[in-house]
Amino acid sequence: MTSSDGPLVLGIETSCDETGVGIVRGETLLFDAVASSVDQHARYGGVVPEVASRAHLEAIVPTLERACQEAGVRLDDLDAIAVTAGPGLAGALLVGTASAKALALATGKPLYGVNHLAGHVAVDIVQHGPLPEPTMAMLVSGGHSSLLLVADITSDITSLGDTIDDAAGEAFDKVARVLGLPFPGGPWVDKAARGLDGVPGVDAEAGPGNATYVDFPRGLTSGRDMERHRFDFSFSGLKTAVARWVEARALAGQPVPVADVAASFQEAVTDVLTRKAILACQEHGVQDLQIGGGVAANSRLRSMAEERCAAAGIRLRVPRPGLCTDNGAMIATLGAQLVARGHAPSSLDLPTDSSMPVSRVQV
Ligand code: KG4
Ligand code: ZN
């Protein structure tokens, strides 16, 4: 039975390289177990789908057991099981959905196949409470950079804009490679820009990088682009500009100031992201902005968003970094919202959809 504290939902996430199992009671996170295969992809410089699928297969049962044990929950206690049905890597999604179906079949619990992107938005509920509706959500991850108008997290999400080439996280990862930093590059670029110790090519004694060292291009922000691509993003030109700048330095036989380039690149990305997100709020009369996805863990994006939202009178919500990157809690949270709002479960033969649009919250 659903308790007065809300439905008890287990969420399974396997859309990319994290095997996540989270357990949520209503709006409270009980436990979030994540196993990552990121180290196995590092030597390829990007996520290898077959390697990810194999890693999910190996990790899913131990991760499930750990989540239940740590949360002190038995499968029998659950009100529902939720699973990422898309978007994501086709083979990786199949491991999660097959596991969720098997669990649902064995326990007789209802199954909800849900949208990964909506999950990134929903997860903030377990940290900051009920999501104001409407909320403007900016989703910035390895695969997406979208601005979403969320009127109802369970049924009404409209995409206002998206990347027209590289996703924000992809740009971070590619620029990291150009700067000789490890994969996944986002956290390393972040650390390099802050001048932290232990980052290849960075002298920690020199302090943080200079964000105005190079004036890198801000894609799709010029007058004409703002007419045609008002809430779209483009990071491919920026990535190329960084690569050319670094190449020119190397050709001239000069050292590359890694911290300064990282800080300047990061400034360009966060400038465009926050500018467009705030404009979207203003033009749609929305007072709340939520930022989610792996890149939302970025320290400069967080500080710039705080400054600019405060200046614009917009309330900002950004979950803690561990909830920004892929995890099971986001799927469990979204599942709990669907159950609480009386949505019918998905069919036990629900399909996966590797390019599931965000307008489709549930299969
Ligand atoms: O949401 P996520 O875990 O997976 C996807 O659904 O893509 O996002 C992963 C992305 C990677 O590109 C990673 O480099 C980036 O998020 N990322 C960051 C930071 N932490 C993770 N990018 C910038 N700064 C960070 N601190
Ligand atoms: Zn994600």
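Here are some worked exercises on a predicted model and the ligand it holds.

Before starting, note that residues count from 1 along each chain as its sequence is written, while chains are lettered from A and ligands numbered from 1 in the order in which they are written. Because the model is predicted, local features need pLDDT of at least 70 and side-chain atom pairs pLDDT 80 or more, whereas totals for chains, interfaces and linings use all residues; side-chain values rest on heavy atoms, without hydrogens and water.

**Exercise 1. Describe the shell around ligand 1.**

Step 1: Pick the residues near the ligand, meaning that one of their heavy atoms lies within 4 Å of it. There are 20 residues around ligand 1, and Gly142, Asp173, Gly186, Asp190 and Gly294 come nearest.

Step 2: Sort the shell by class. The result is 6 nonpolar, 11 polar and 3 charged residues. In this scheme Ala, Val, Leu, Ile, Met, Phe, Trp, Tyr, Cys and Pro are nonpolar, Asp, Glu, Lys and Arg are charged, and the others, Gly among them, are polar.

Step 3: Look for helices that contribute. At least two shell residues come from each of helix 4 (116-122), helix 6 (168-178) and helix 7 (185-193). Helices (H or I, at least four residues) and strands (E, at least two) are DSSP runs, numbered from the N terminus.

**Exercise 2. Find backbone contacts of ligand 1 and say how covered the ligand is.**

Step 1: Search for polar contacts, that is, pairs of N or O atoms within 3.5 Å; within protein, one must be able to donate a hydrogen and the other to accept it, and residues adjacent in sequence count only if both atoms are side-chain atoms. Oxygen atoms of ligand 1 lie 3.0 Å from a polar backbone atom of Gly186, 3.4 Å from one of Gly143, and 3.1 Å from a backbone N or O atom of Asp326.

Step 2: Work out the cover. Ligand 1 taken alone exposes 550 Å², and the protein buries 88% of that. Such areas come from the Shrake-Rupley method with a 1.4 Å probe; for residues, only the protein chains shown count as cover.

**Exercise 3. Locate the cis peptide bonds before Pro87 and Pro134, then follow the chain to Thr135.**

Step 1: Start with Pro87. The bond from Gly86 to Pro87 is cis, with omega near -10 degrees, and Pro87 sits in the loop between strand 4 (80-86) and helix 3 (90-107).

Step 2: Move on to Pro134. Glu133 and Pro134 are joined by a cis peptide bond with omega of about 5 degrees; Pro134 belongs to the loop between helix 5 (125-128) and strand 6.

Step 3: Continue to Thr135, which lies in strand 6 (residues 135-140). Its relative accessible area is 1%, so Thr135 is buried (buried means under 20%, exposed over 50%, partly exposed in between, with a 1.4 Å probe and protein chains only). The side chain of Thr135 reaches the backbone oxygen of Pro132 at 2.4 Å.

**Exercise 4. Is Leu220 buried or exposed, and what is its phi?**

Step 1: Place Leu220 in the loop between helix 7 and helix 8 (223-228).

Step 2: Read the phi. Leu220 is not a glycine, yet its phi is positive, at about 55 degrees.

Step 3: Check the area. Leu220 has a relative accessible area of 10%, so it is buried.
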